[in-house]
Amino acid sequence: MNRAFSRKKDKTWMHTPEALSKHYIPYNAKFLGSTEVEQPKGTEVVRDAVRKLKFARHIKKSEGQKIPKVELQISIYGVKILEPKTKEVQHNCQLHRISFCADDKTDKRIFTFICKDSESNKHLCYVFDSEKCAEEITLTIGQAFDLAYRKFLESGGKDVETRKQIAGMQKRSSRGSRCWIQDLETENMELKNKVQDLENRLRISQVSSSPAGSVTVKSPSTDIFDMVPFSPISHQSPTPTRNGTQLPPVPSRSAEIQRDLFGAEPFDPFNCGAGDFPPDIQSKLDEMQRQRWRGSKWD
């Protein structure tokens with residue numbers, strides 16, 4: 001049990017119950033700091049912690065550093081340690097996590113309490129320096145314990161769950177705005193990635209479901225002999241000859257004359273005249289044509 005609570009459990013408290021249950025009691029003090037302790041309670045435990053933090057204070061004082069001033073707000077829900085000007089909460093020690101509280105009889109200015117940290121589950125001893133109110137602050141914390149215990153008995157234990165919910169809300173709200181913004185940015189980035197993934201899936205499904213007839217077939221290009229390559233897809237209307245046989249389709253020639261690999265114009269038997277051949281070749285062709293005409297005449 002808290003040392004201050006044991007000291008005053010049979011006496012009259014200095015504050016009204018409404019002041020601690022509906023509001024809080026403020027005090028100003030100097031904060032020497034906090035240090036980890038091995039046990040949740042004990043006079044020797046806090047005495048070693050006070051000796052350790054006093055030594056650290058003398059070192060800081062020799063370096064020109066001042067002991068920071070804080071404001072304590074004591075209620076049945078716990079002890080808050082605030083910056084006195086900006087009212088920023090530096091530590092929020094919930095009452096059900098405080099296991100020991102005492103003032104130093106050898107130094108009337110010093111008072112301490114041990115609280116179990118909510119994140120690390122380590123026991124920390126908080127040490128303060130108050131010129132006039134060290135004992136009064138200790139007794140006020142003891143009165144807060146007494147009122148909280150009475151309220152617990154009256155509610156049949158239901159108030160414990162309420163305190164846990166309030167503590168959880170305070171813990172979530174104590175996170176800095178920077179962490180909150182980082183969480184929002186991370187969530188926003190995840191949503192963007194999901195939207196991009198859905199767009200890619202929709203685009204792939206549209207391509208796979210499109211009909212085969214909608215594919216545009218490019219016009220075939222001619223090869224080095226100025227011939228159109230065979231394609232089973234493109235069929236042209238057959239051109240009958242006098243013998244009743246069908247000749248292969250005549251490829252259409254472009255306006256520009258294409259040349260082969262040797263720089264010469266490709267031979268086209270359908271578009272060549274008499275002047276296209278050299279004289280010696282032309283004379284042989286004429287002789288062959290006369291012989292053929294003579295043979296057909298005798299037949």
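Q: What share of the contacts in the protein with a separation of 6 or more comes from residues 24 or more positions apart?
A: We're looking at a predicted model here. A contact means heavy atoms within 4.5 Å. Among contacts with a separation of 6 or more, the share from residues 24 or more positions apart is 58%.

Q: How many helices and strands does the protein have?
A: Helix α3 covers residues 43-62, and helix α4 covers residues 134-154. Strand β4 takes in residues 89-94. The full tally for the protein is seven helices and nine strands.

Q: What percentage of the residues count as buried?
A: To count as buried, a residue needs to be under 20% relative accessible area. The protein has 299 residues, and the part of them that counts as buried is 25%.

Q: How much area does the protein expose, and what part do carbon and sulfur atoms supply?
A: The exposed area of the protein comes to about 22600 Å². Of that, carbon and sulfur atoms supply 55%.

Q: Is Arg 57 buried or exposed?
A: Arg 57 sits in helix α3. Leaving aside residues up to four places away in sequence, it touches Leu 32, Ile 67 and Asp 129. Its relative accessibility is 18%, and the cut-off is under 20%, so Arg 57 counts as buried.

Q: Is Lys 61 buried or exposed?
A: Like Arg 57, Lys 61 is found in helix α3. Its relative accessibility is 61%. Anything over 50% passes the cut-off, so Lys 61 counts as exposed.

Q: Which residues gather in a patch of positive charge on the surface?
A: Lys 61, from helix α3, is one of them. Like charges are joined into a patch within 9 Å. The full set is Lys 30, Lys 61, Lys 66, Lys 69 and Lys 85.

Q: How much accessible area do Tyr 149, Phe 152 and Leu 153 have together?
A: These three form a nonpolar patch on the surface. One of them, Phe 152, lies in helix α4 and is partly exposed, at a relative accessible area of 30%. Together, the three residues have about 300 Å².

Q: Which residues does Gln 90 touch, not counting residues up to four places away in sequence?
A: Gln 90 has its place in strand β4 and, at 39% relative accessibility, counts as partly exposed. Leaving out those sequence neighbours, its contacts are Val 70, Ile 81, Leu 82 and Glu 83.

Q: What distance separates the C-alpha atoms of Gln 90 and Lys 80?
A: Gln 90 belongs to strand β4. Along the chain, Lys 80 is ten residues apart from Gln 90. Their C-alpha atoms are separated by 7.7 Å.

Note on methods:
Residues are numbered from 1 along each chain as its sequence is written. This is a predicted model: local features need pLDDT of at least 70, side-chain atom pairs count only at pLDDT 80 or more; totals for chains, interfaces and linings use all residues. Side-chain values use heavy atoms; hydrogens and water are left out. Helices (H or I, at least four residues) and strands (E, at least two) are DSSP runs, numbered from the N terminus. Buried means under 20% relative accessible area, exposed over 50%, partly exposed in between (1.4 Å probe, protein chains only). Accessible areas come from the Shrake-Rupley method with a 1.4 Å probe; for residues, only the protein chains shown count as cover. Patches are made of residues with over 30% relative accessible area and no salt bridge: like charges are joined within 9 Å, nonpolar side chains (Val, Leu, Ile, Met, Phe, Trp, Tyr) within 5 Å. A salt bridge is a side-chain nitrogen of Lys or Arg within 4 Å of a carboxyl oxygen of Asp or Glu. Lys and Arg count as positive and Asp and Glu as negative; His and the chain ends are not counted. The place of a charge is taken as NZ of Lys, CZ of Arg, CG of Asp or CD of Glu.
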